[in-house]
Amino acid sequence: MSFLEPDRYFSRLSHVDIDRDLLALGYHHVLLDVDNTILTRDTHEVPRDVGFWLAKARDAGLTFCLVSNNWHEGVYQLANRLSLPIVAKAVKPLPPAFLAAMRKIGAVRANTVVVGDQLVTDVMGAHFLGMKAYLLAPLVEQDLRHTLLLRNFERLVMGERQPENVGESVQTQEEGRFL
Ligand SMILES: [Mg+2]
């Protein structure tokens, strides 16, 4: 598997099976991207299924730290509303923010996975540190211009690879907003 290829690929966060895809593999901590991973880029909302998945995962004992390259106030407000720690202005894929996030939640590389929607920030950043990376399809098509340019490159890397767990009953409704 190349450096840029994600270890796992899912269409959205709620398709990651909390027990089978995380806890059973020894992952008790998740470093979670924000934009287009849990928050839509267009309407700035957390979809209902994503919000409920987060609640369920935390009930199951997983801990999270948001790691975002975003530097706007809104990203801190979101962390506050979700009661999650955050490292913003992260400059992913560089390692310092991931390391700071793990320190915040008492995690180590071996029991932590990075989850996000971009190969060159989330996936490459995880792999720089020898960590596993789960890629999600972006929540919506809209994104920053430089991110959209990178999407073409991502399509090239991902080729025909299809997301996992599609067709399994999703734990909660995907429609509507959570936050
Ligand atoms: Mg993102």
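**Close-ups of a predicted model**

At 0% relative accessibility, Asn36 falls in the buried class. That makes a handy way into this model, which is predicted rather than experimental.

**View 1. Asn36, a buried residue with a positive phi.** Asn36 isn't a glycine, yet its phi comes out positive, at about 65°. Look for Asn36 in the loop between β2 and α2.

**View 2. A magnesium ion held by three aspartates.** Asp33 and Asp117 each reach the magnesium ion through OD, while Asp35 offers its O instead, and the distances run from 2.1 to 2.2 Å. Along the chain, these donors follow the spacing D-x1-D-x81-D. Asp33 sits in the loop between β2 (29–32) and α2 (48–59), and Asp117 in the one between β5 (112–116) and α5 (119–128), so this pair ties together parts that lie 84 residues apart in sequence. Both Asp33 and Asp117 are buried.

**View 3. The cis peptide bond at Pro93.** Here Lys92 and Pro93 are joined by a cis peptide bond, with omega at about 15°. As for where to find Pro93, check the loop between β4 (86–87) and α4 (95–105).

**View 4. Asn165, another non-glycine residue with a positive phi.** For Asn165, phi is near 65°. Asn165 belongs to the segment that comes after α6 (145–158). With a relative accessible area of 15%, Asn165 is under the 20% cut-off, so it counts as buried.

Technical notes
Residues numbered from 1 in each chain as written. Predicted model: local features only at pLDDT ≥ 70, side-chain atom pairs only at ≥ 80, totals over all residues. Heavy atoms only, no water. Donors = N, O, S within 2.8 Å, 3.2 Å for Na, K, Ca; no water. Helix = DSSP H or I, 4+ residues; strand = E, 2+ residues; numbered from the N terminus. Buried < 20%, exposed > 50% of the residue type's maximum accessible area, 1.4 Å probe, protein only.
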